[in-house]
Amino acid sequence: MTNLANGVQSMLALPSASEDSDPQETREWLDALEGVLAHAGSTRASFLLRRLASHAAAQGLPPPGAGPSAYVNTIPVQAQPPYPGDLEIEARLGAALRWNALAMVVRANRAYGELGGHIASYASAADLFEVGFNHFFRADSSAEQGGDLVYFQPHSAPGVYARAYLEGFLDETHLQHYRREIAGPGLCSYPHPWLMPDFWQFPTGSMGIGPINSIYQARFMRYLQNRGLQPASSRKVWGFFGDGEMDEPESIGALSLAAREQLDNLVFVINCNLQRLDGPVRGNGRIVDELEALFAGAGWNVIKVLWGSDWDELFARDRSGALVRAFAQTVDGQFQTFSANDGAYNREHFFQQNPELAALAAHLSNDDIDRLRRGGHDLRKLHAAYARAMDHRGQPTVILAKTMKGFGMGTVGQGRMTTHQQKKLELEDLKAFRDRFQLPLSDDDVANLRFYKPADDSPEMRYLHARRAALGGYLPRRRQAATTALTVPPSGQWASFALAADGKEMSTTMAVVRMLGSLLKDPALGPRIVPVVADEARTFGMANLFRQVGIYSPLGQRYEPEDLGSMLYYRESTGGQILEEGISEAGAISSWIAAATAYSVHDLPMLPFYIYYSMFGFQRIGDLIWAAADQRPRLPDRRHLGQDHARRRGAAAPGRHQPPGRVDHPQLPRVGSRLCL
Ligand SMILES: Cc1ncc(C[n+]2csc(CCOP(=O)(O)OP(=O)(O)O)c2C)c(N)n1
Ligand SMILES: [Mg+2]
């Protein structure tokens, strides 16, 4: 199969040879595209294809690619860039991270049987995270204005702690107190900025909140740039989410906004391990196909990473497309059974289903078959996908990475229905894990679940630090206070109507709107105000703000509004200040969260007001309000800045995470830890 045929097959449903009435003409088109790819690159080629598709649609042709594309990698092997890292060292580091994450959870559950925690999810996500940590996630000091923002899959937190342990930010005591953070220096189960305010930036524990919040975060980043409050930059928002998590309405409710606003600063990586908590995400279907259709339909750039490099040679020899046809007939429940079984089983039940497939695998031993990896466990394939996502312009990108839940956990975990809840491993299972990942641990180390950290001067540790240094530092890290403060003007300036009553009655809504209008005029605070509405501005008498401060639209206003001559005309503008979210209360509160935490995320205090119709809004957004509180929203004025400095002075030196004590905060209700199972 040629480079191009491979690529085209992965973009569209595989056309059969019998459909091709003029192979020579087909060849010319393909050659032309190959020429563009070779000389102008994939962005130009992708533009031409989209241009061609829209031209075809204008001629009345049906859209190409209806239905899922072939179940293969989007990026053909010939288009993969060389891997810029040391694969062997990264494998050894990955093994250490996997072990420490596992040891953390198993230790905790040996001591306290019902403590919980998760092993299998990070086992599937480890390589997805590590390619990012070693090659893509830029930390604060490396980017022009702040670093990349990463929303981590919540129950993969042990792996992020394991990395912070190797990096020296956490020590063994922290790891020993995983899920026991209240009494001492412990670690919370999920990313939680309230409980670990110097570490986690985004609370993603409740499924669906990460996806919607990350979209609005990327959008808010653009809003700040378009309004001139931050310089344009190449910062990215990365979101790592589960395939089961994509069932939440919040996960998918804002996909079209991301495409509409051309958020090419946003990359989703969906951990398609095909399982959720109780069982397969789509036992009788294929979640990758479904997500591909969903994201592509919403206007995203979709990159599938399904098969690892070991498969390349099989695809290259498969002239008749037998593999692609077999995949098309295999549903996820069956893929799960394949991953839970060994090479002999896979030979018998997958490769021996027809002579063509049997011949393809004839030279492979059962161990070779056992080692055939899914793409989400292949650093080279992931790197190629991330690099392409970084370069893509005009659309957000989703990477659908096929992984195995409980990867490497052997017969007790890998691909098992019960793997999500697996938190206790027997000695033999632990030894098998050590052997599988070639960890330099003695039987005694394994029996006692000792954490493993290579020596400081080992090639592994030097590599780990060098990679992070090249990317500007370590993450996640959370800024607790902005370096600049905003002064709130005296109340007489914006609420004189309340202080000196003029005898007229006023509804609370009118008072709020009048107050907002005055605050917006304050030269210092005004530009930092973010009015957020979910299609109810007129209801609340706020239409005058349309003209006063404008409605944000990255596209400006490409039409002449019908009411142009009026005082209150509907003014959309690139520099507009109002976030008019349409009828999406969940979207509106997500914008509010992004703005209210900008003091930490962007070192830029902002003051958002989300004005909504409680009768319709509240039920939808209760969980997001909780997440907002977990993320410590506020407007730091001089008073808070002082508090933060004082708190910082008392904080431990860098490299020693201290669990937060109870901090009195005048603006926030106290919230406890979310109970997540
Ligand atoms: C709103 C919400 N409901 C339920 C849960 C409990 N929960 C935690 S992980 C999980 C399964 C997640 O499956 P998936 O997204 O596929 O991630 P995986 O562990 O397979 O990588 C569930 C149901 C939750 N955290 N949030
Ligand atoms: Mg899953």
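Of the 677 residues in this chain, 56% count as buried. Bear in mind that this is a predicted model. The fold comes to 29 helices and 10 strands, and two bound ligands get most of the attention below: ligand 1 with its shell of 20 residues, and ligand 2, a magnesium ion.

**The chain as a whole**

- About 28400 Å² of the chain is exposed, and 53% of that comes from carbon and sulfur atoms.
- Take the contacts between residues at least 6 apart in sequence: 78% of them join residues at least 24 apart.
- For one long-range pairing, look at Val-324 and Val-72, which are 252 residues apart in sequence but 7.2 Å apart in space, C-alpha to C-alpha.
- Val-324 sits in helix H13, residues 322-328. With a relative accessible area of 8%, Val-324 is buried, because the cut-off for that label is under 20%.

**Around ligand 1**

- There are 20 residues around ligand 1, and the ones that come nearest are Ser-121, Gln-153, His-155, Gln-275 and Lys-405.
- Sorted by class, that shell has 11 polar, 5 charged and 4 nonpolar residues.
- Lys-405 puts a polar side-chain atom 2.7 Å from an oxygen atom of ligand 1.
- Gln-275 uses its backbone instead: a polar backbone atom there is 2.7 Å from an oxygen atom of the ligand.
- Asn-273 joins in through its side chain, with an N or O atom 2.9 Å from an oxygen atom of ligand 1.
- On its own, ligand 1 would expose 590 Å², and the protein buries 81% of that.

**The magnesium site**

- Three residues coordinate the magnesium ion (ligand 2): Asp-243 through OD, Asn-273 through OD1 and Gln-275 through O, at 1.9 to 2.2 Å.
- Along the chain, these donors follow the spacing D-x29-N-x1-Q.
- Asp-243 is in the loop between strand E2 (237-242) and helix H9 (249-252), while Gln-275 is in the loop between strand E3 (266-272) and helix H11 (287-298), so this pair ties together parts that are 32 residues apart in sequence.
- Asp-243 is buried, at 1% relative accessibility. Gln-275 is buried too, at 3%.
- Two names turn up at both ligands: Asn-273 coordinates the magnesium ion and has its polar side-chain contact with ligand 1, and Gln-275 is a magnesium donor as well as a backbone partner of ligand 1.

**Backbone oddities worth a look**

- Some background for this group: most residues other than glycine have a negative phi, and most peptide bonds are trans.
- Leu-475 and Pro-476 are joined by a cis peptide bond, with omega at about 0°. You'll find Pro-476 in the loop between helix H21 (459-470) and helix H22 (491-494).
- Gln-438 has a positive phi, near 50°. Its place is the loop between helix H19 (427-436) and helix H20 (443-447), and with a relative accessible area of 71% Gln-438 is exposed.
- Asp-535 also has a positive phi, near 60°. This one is found in the loop between strand E6 (529-533) and helix H25 (544-549).
- Asp-535 has 43% relative accessibility and so counts as partly exposed, as the label "exposed" needs over 50%.

Technical notes
Residues numbered from 1 in each chain as written. Chains lettered and ligands numbered in written order. Predicted model: local features only at pLDDT ≥ 70, side-chain atom pairs only at ≥ 80, totals over all residues. Heavy atoms only, no water. Near = heavy atom within 4 Å. Polar contact = N/O pair within 3.5 Å; in protein donor to acceptor, adjacent residues only side chain to side chain. Areas by Shrake-Rupley, 256 points an atom, 1.4 Å probe, with all protein chains shown as cover. Nonpolar A, V, L, I, M, F, W, Y, C, P; charged D, E, K, R; others polar. Donors = N, O, S within 2.8 Å, 3.2 Å for Na, K, Ca; no water. Helix = DSSP H or I, 4+ residues; strand = E, 2+ residues; numbered from the N terminus. Buried < 20%, exposed > 50% of the residue type's maximum accessible area, 1.4 Å probe, protein only. Contact = heavy atoms within 4.5 Å.
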